[in-house]
Protein chains: 2
Amino acid sequence: MSSQTLLKKGNDTKTALIRSGMELMTTYGYLSSNIESILKQVGVPKGSFYYYFKSKADFGHAIITSYNNFFIHKLDKHLTNNAISSPLARIQAFYEDAKQGMAKYDYNRGCLIGELIQEESLLPKGYAKVLEQILLNWQAKLEECLLLAQQCGELKSNSDCKALAEFFWIGWEGAVTRSKLIKRSDPLDRFIQLFLDKIVH
Amino acid sequence: MSSQTLLKKGNDTKTALIRSGMELMTTYGYLSSNIESILKQVGVPKGSFYYYFKSKADFGHAIITSYNNFFIHKLDKHLTNNAISSPLARIQAFYEDAKQGMAKYDYNRGCLIGELIQEESLLPKGYAKVLEQILLNWQAKLEECLLLAQQCGELKSNSDCKALAEFFWIGWEGAVTRSKLIKRSDPLDRFIQLFLDKIVH
């Protein structure tokens with residue numbers, strides 16, 4: 001194989017490992033996700049794993065980064081979607097998309113960040129800060145959208161958009177977890193309904 | 001020892017095992033709570049453990065029951081406290097108490113039920129239903145309090161108290177988890193503030 005083919009194969013393997021790890025961690029969290037079963041699924045020997053990642057903690061970081069990129073893409077797609085003029089309807093569209101994502105896997109997979117924050121006491125050093133920073137970043141994006149809603153008059157001019165965005169992610173992660181528990185969308189539905197009806201109005 | 005002394009000693013041991021298990025599980029969840037370290041802490045040989053509990057799953061059930069009793073007592077104490085005439089102020093008092101409880105352990109211990117629902121995919125059979133039932137019971141208690149608030153005119157007459165109570169526990173568990181992550185009360189504070197300011201008014 002040419003060095004370019006080898007490089008491509010290497011990237012594919014790394015991507016496959018991250019994808020498989022993400023599937024597992026959105027279902028079982030970090031601690032219970034077993035490297036051996038990921039290697040088996042991807043068909044990679046253990047030695048190769050350590051070629052790509054220094055440790056499970058390093059692997060976890062790569063998964064978190066990849067998940068965050070995916071999620072930010074999803075958030076931006078909806079929250080900055082100019083085809084929908086109402087900023088609050090954009091939040092509704094994000095929820096619809098996320099809900100479909102959960103339904104697709106029969107509510108067995110949650111939000112990776114939500115899964116991991118539950119395990120904070122047992123996660124590798126530095127993870128808690130990374131997770132909090134990611135949530136603050138999502139919060140900032142929602143705040144932007146709420147400020148836009150305020151400019152459009154959808155939201156009262158004296159609303160504290162930062163506080164509302166903070167509240168949103170606190171409740172959202174609770175709703176995803178509860179939907180995963182009961183394998184139904186009701187908690188997500190209830191959360192978004194009251195958030196949009198009561199909290200922002 | 002008389003049979004009565006033996007019985008008392010047995011009950012004390014069982015209580016100590018449950019208490020120690022509860023401490024561990026509110027911090028680390030079910031899966032990562034190690035029976036051996038509990039036995040070591042309580043000073044009980046492994047054989048004795050199986051005298052009191054058939055299995056870890058059985059032990060977990062006893063811990064959940066004990067926690068639920070403790071929590072229901074706390075909820076009732078506040079939500080049916082006739083010394084506070086405003087039902088909404090009773091919810092505020094419950095929050096103050098829960099917050100103090102978290103601060104006491106430097107935000108290292110969460111809500112046992114919240115901890116466990118995160119692990120639903122890996123819990124013993126039947127746990128998910130038990131956990132959901134407990135949350136529905138807490139929800140019914142909060143709904144009662146909100147109905148009272150409605151009767152007092154603190155809450156609009158067209159408010160859906162059941163939906164609000166459902167929303168409360170979804171968000172509450174999210175707030176406890178987030179406070180545990182950042183070791184501060186801010187998420188709890190934010191949640192209760194917006195819940196009481198926006199949701200119920």
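Here is a short chat about how two chains of a predicted model meet.

Guide: Before we start, this is a predicted model, where local features need pLDDT of at least 70, side-chain atom pairs count only at pLDDT 80 or more, and totals for chains, interfaces and linings use all residues. Residues are numbered from 1 along each chain as its sequence is written, chains are lettered from A and ligands numbered from 1 in the order in which they are written, and side-chain values use heavy atoms, with hydrogens and water left out.

Visitor: What makes a residue part of the contact, and how many residues does each chain give?

Guide: Contact means heavy atoms within 4.5 Å. On that rule, chain A gives 41 residues and chain B gives 40 residues.

Visitor: How much area is buried between chain A and chain B, and what does "buried area" mean?

Guide: Buried area is the accessible area (1.4 Å probe) that two parts lose on being put together, summed over both. For chain A and chain B that comes to about 3600 Å², with carbon and sulfur atoms giving 62%. On the chain A side, I170(A), R178(A) and L181(A) lose the most area to chain B, together 20% of what that side buries.

Visitor: How do you know that E120(A) and K183(B) form a salt bridge?

Guide: A salt bridge needs a side-chain nitrogen of Lys or Arg within 4 Å of a carboxyl oxygen of Asp or Glu. In E120(A) and K183(B), the N to O distance is 3.1 Å, so the pair fits the definition. Between chain A and chain B the count is eight salt bridges, while the structure holds 24 over all chains.

Visitor: How many residue pairs are in polar contact between the chains, and what makes a pair count?

Guide: Eleven residue pairs do, with both residues at pLDDT 80 or more. A polar contact is a pair of N or O atoms within 3.5 Å; within protein, one must be able to donate a hydrogen and the other to accept it, and residues adjacent in sequence count only if both atoms are side-chain atoms.

Visitor: Which helices of chain A supply at least two residues of the side that touches chain B?

Guide: They are α1 (3-28), α6 (112-118), α7 (127-151), α8 (161-182) and α9 (186-199). The largest share, 14 residues, comes from α8(A). As for the names, helices (H or I, at least four residues) and strands (E, at least two) are DSSP runs, numbered from the N terminus.

Visitor: How do the residues on that side of chain A divide by type?

Guide: There are 21 nonpolar, ten polar and ten charged. Ala, Val, Leu, Ile, Met, Phe, Trp, Tyr, Cys and Pro count as nonpolar, Asp, Glu, Lys and Arg as charged, and the others, Gly among them, as polar.

Visitor: Why is the relation between chain A and chain B called a two-fold axis?

Guide: Two copies of a chain are related by a rotation about an axis and a shift along it. Here a rotation of 180° with 0.0 Å of shift along its axis superposes chain A on chain B, at an RMSD of 0.1 Å. That is the relation of a two-fold axis. The same surface serves both copies, as 98% of the contact residues of chain A recur in chain B. The copies are superposed by least squares on the C-alpha atoms of residues with pLDDT of at least 70 in both.

Visitor: Why does the salt bridge of E120(B) and K183(A) join two chains?

Guide: E120(B) lies in the loop between α6 and α7 of chain B, and K183(A) in the loop between α8 and α9 of chain A, so the pair joins two chains. Their N to O distance is 3.1 Å.

Visitor: Why is E120(B) called buried and K183(A) partly exposed?

Guide: Buried means under 20% relative accessible area, exposed over 50%, and partly exposed in between (1.4 Å probe, protein chains only). E120(B) has 11%, so it counts as buried. K183(A) has 30%, so it counts as partly exposed.

Visitor: What makes D106(A) exposed, and where is D106(A)?

Guide: D106(A) has a relative accessible area of 53%, so it counts as exposed. Its place is in the loop between α5 (87-104) and α6 of chain A. Phi of D106(A) is near 50°, a positive value in a residue other than glycine.
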